[in-house]
Amino acid sequence: MKTKKRISTIVSYAILVLISIVWLLPFVGLFLQSFRSYLTEDGGMVDYLLPKHFSLDSYAFLFQAENKFFKWYGNTVIIAFFVALGNTLMVLAVSYALSRMRFKGRELLMRFWLVLGMFPGFLTMICLYFLLKNLGLTQEGAIPGLILIAVANAGMGYYVCKGYFDTIPKALDEAARIDGATRARVFFTMIIPMSKPIIIYTALVAFMAPWCDYVFASYVAFGFSDSYNVAVAMQRWVWTNDYQGFFTRFCAGGVLVAVPVTILFMCLQKYYVEGVTGGAVKG
Amino acid sequence: MGNQKTNPIANFFTALLGAIKDIGSIFVKGDWKTKISYLIMGFGSILRGVYLRGAALLLCEGGFIYYMITFGSKYLKDINTLGTKTSGFNADGTKSYGDNSFLILLYGILSIVIILFFIYLWYINIKENAKEEAILKSGKKLPSVKSDFMSLFDEHFDKTLLTIPFMGVFVFTVLPIIFMICVAFTNYDANHQSPSKLFTWVGFENFKNLFSIGTDGFGKTFGVVLSWTLIWALFATFLTYFLGMGVAMLINKKEIKLKKLWRTILVVTIAVPQFVSLLYVYKLFASDGLINMYLMKWGWIEDQLPFWTNPNWARVTIVLINCWIGIPYSMLIMTGLLMNIPEDLYESARIDGANSFQMFKAITLPYMLFVTGPFLLTQYTGNLNNFNVIFLLTQGKPQSQVLAASAGYTDLLVTWLYKMTVNDTNYKMAAVIGIMVFVVTAGISLIVYGILPSVKDEEGFQ
């Protein structure tokens, strides 16, 4: 019996180690290949993982101002920051109203937004582009434009946050209201301080999204390279024929993007897990 | 959601009928202030001293009239043709500007929505008058301006909170969606680009095209793409679900140490932005990628494996890579839920002599399926529209001459829609595909939602 258990433990560990290798290998590869020089070795696809010589050439390329990498990086940080801020405010407002207050049309609104969410997002791309263009928020203005679109539609993503608010006992609100507090006061001084995990979750998810936004960002920037975000710019590197070292450049850029975002995420992982678990159960 | 079986359409008409009756009877019974308010909105309220509401209503009416005269009407009048005058050149060589179908359609829709909203506001104005009259008749006082204003932070706080989100969704989601639904019934495509050319209504022509199987028709391609979309979502959802559950159970085992480390390793794929990780993985599996290169170097294969070039290989590869992306996510969710299963259930099963597989089948699986039913549904519909994974990996390739409109064998409906919009500027068909995505998503959601055991009364959680 004991040996059987021991074997099962060893097998479990073996599986876990195997899983870990599979999961980490691409990142190790990305990291290693970013140190291959595109000047002295080969900047394209090669048939070996470990660079022959350690070099920072690809990083040096990114740091040259004329290559705009940090412009794009800054754009993405700005977008991500304001989207996180705006989304969180919108989601909190909508969630409180829908969780705590009973007004005419509440159910209708919730159902209507649910149905709206079933339309694919890219359907409306040309129309949104036109609306933004009218506001002067394409090309050079693409960054505020992208923030505007993301924040304006954020209200529809209230599910997880409302689910969290629903778990805060209503009796607390009622007690405060009997003592004369207004709804606004209850919201600002009671509910928001109690909702730290869900606020962090909402902000984190909103912050992560713009790093992956290729489609709409490239459409709105429309060839105006100062308005690109990192995803748009680096996508171009990967899909260009990689004879000039675009691949190692992509690897280096990828490392620079992934490291801070990953560290941020890992620090706030606890809240993320809380959010997704809560959201999944409530549906 | 409400479980009482009522017919929403019938409800709507009874409500509408009631409203019309109200409008009549209030006019007959109301005093002269109320009667004038039928024409000048907010008139009665202002005279009765409810300045804030009255002024707001009056302002809305003024704004509405101004909008319609200066802006709305000129677009609204052309909405049935979407413009007749083409842009071109005058006899003297100067450019003459014709109608712009795009603007006519967009602002026409906006005007119609604004008119409907105005009618609703007008109805509110009438009800408001009747309410004020009733309050005065019963000898009570009407709310002061200050208390009216303060109520926006108390009993009417919902209006303060929801106004901006509602307007945002309206302008940047609702209006564009109505617009695109309308585009599906027009011939707006590369040959009818506004502003230089006009487009117009064509009825169900585009839908016929979608289902026609002829050489020019989209029928066959649509069938291929739709079936792959459904199959993809099925595999993507259930493979990650069950494998994620497996991994979660493995890590949850008592004898496994360093639980946190294992979980963190998996979570890295969630943390790293997908465009970095997926693009790298795409290159990893490319024909000149590391995997092919190493396999050849080691002499395991003769020729490169066609990960992205053979339709079936590409499909399988995508599903597997999606596991790499999706398993950590479902593992996280499962971990918390697995711990919620009462331990004594397993204890008593063990006493009854059940082995671990039996326990899984009888306790774990039913519990998890019950609790995560809605989650599975949202995962499935999310995967139907999983743009990122497909687009970053294959962009729908491999393409084929057999398929219409540059569709490829790994294209989902959404990526196909994207290609039509951006590459082919075939807006009419993109709109049709968009509607089909909606039909599929909504249809599946409705059916599954009806049979889910765990759909509880929403208020039940509170």
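**Briefing: helices and aromatic pairs in a predicted model**

In chain A, residues 24 or more positions apart account for 71% of the contacts with a separation of 6 or more. The structure described here is a predicted model, and the values below are computed from its atoms. Chain A comes first, followed by the aromatic rings, among them some that belong to chain B.

**Overall build of chain A**

- Chain A contains 14 helices and zero strands, and its radius of gyration is 24 Å, well over the 19 Å that the globule rule gives for 283 residues, so the chain is more spread out than a compact globule.
- Taken along the principal axes, the box filled by the C-alpha atoms of chain A is roughly 75 × 75 × 30 Å.

**Burial, surface and charge**

- Among the 283 residues of chain A, 57% count as buried, while the chain exposes about 12600 Å², of which carbon and sulfur atoms supply 69%.
- Chain A carries 24 positive and 15 negative side chains, and a distance of 13 Å lies between the centres of these two sets.

**Aromatic pairs**

- Over all chains, a search of the whole structure finds 61 aromatic pairs, and one of them is formed by Tyr13(A) and Trp262(B), a tilted pair with 6.4 Å from centre to centre and 55 degrees between the planes.
- This pair crosses between chains, since Tyr13(A) belongs to helix 1 (residues 2–33) of chain A and Trp262(B) to helix 10 (residues 259–271) of chain B.
- Tyr13(A) has a relative accessible area of 26% and is partly exposed, whereas Trp262(B), with a relative accessible area of 10%, is buried.
- Phe71(B) and Tyr107(B) form an edge-to-face aromatic pair, with 4.9 Å from centre to centre and 70 degrees between the planes.
- The pair of Phe71(B) and Tyr107(B) links distant parts of the chain, as the two are 36 residues apart, with Phe71(B) in helix 4 (residues 51–76) of chain B and Tyr107(B) in helix 5 (residues 101–137) of chain B.
- Phe71(B) counts as partly exposed at 25% relative accessibility, and Tyr107(B) counts as buried at 12% relative accessibility, because buried means under 20%.

**An aromatic cluster in chain A**

- One aromatic cluster is formed by Phe63(A), Phe69(A), Phe70(A) and Tyr73(A) together with Phe207(A) and Trp211(A).

Terms used: Residues numbered from 1 in each chain as written. Chains lettered and ligands numbered in written order. Predicted model: local features only at pLDDT ≥ 70, side-chain atom pairs only at ≥ 80, totals over all residues. Heavy atoms only, no water. Helix = DSSP H or I, 4+ residues; strand = E, 2+ residues; numbered from the N terminus. Rg over C-alpha atoms; globule rule 2.2 N^0.38 Å. Buried < 20%, exposed > 50% of the residue type's maximum accessible area, 1.4 Å probe, protein only. Contact = heavy atoms within 4.5 Å. Areas by Shrake-Rupley, 256 points an atom, 1.4 Å probe, with all protein chains shown as cover. Lys, Arg positive; Asp, Glu negative; His and termini not counted. Charge placed at Lys NZ, Arg CZ, Asp CG, Glu CD. Phe/Tyr/Trp six-rings, centres within 6.5 Å; stacked < 30°, edge-to-face > 60°.
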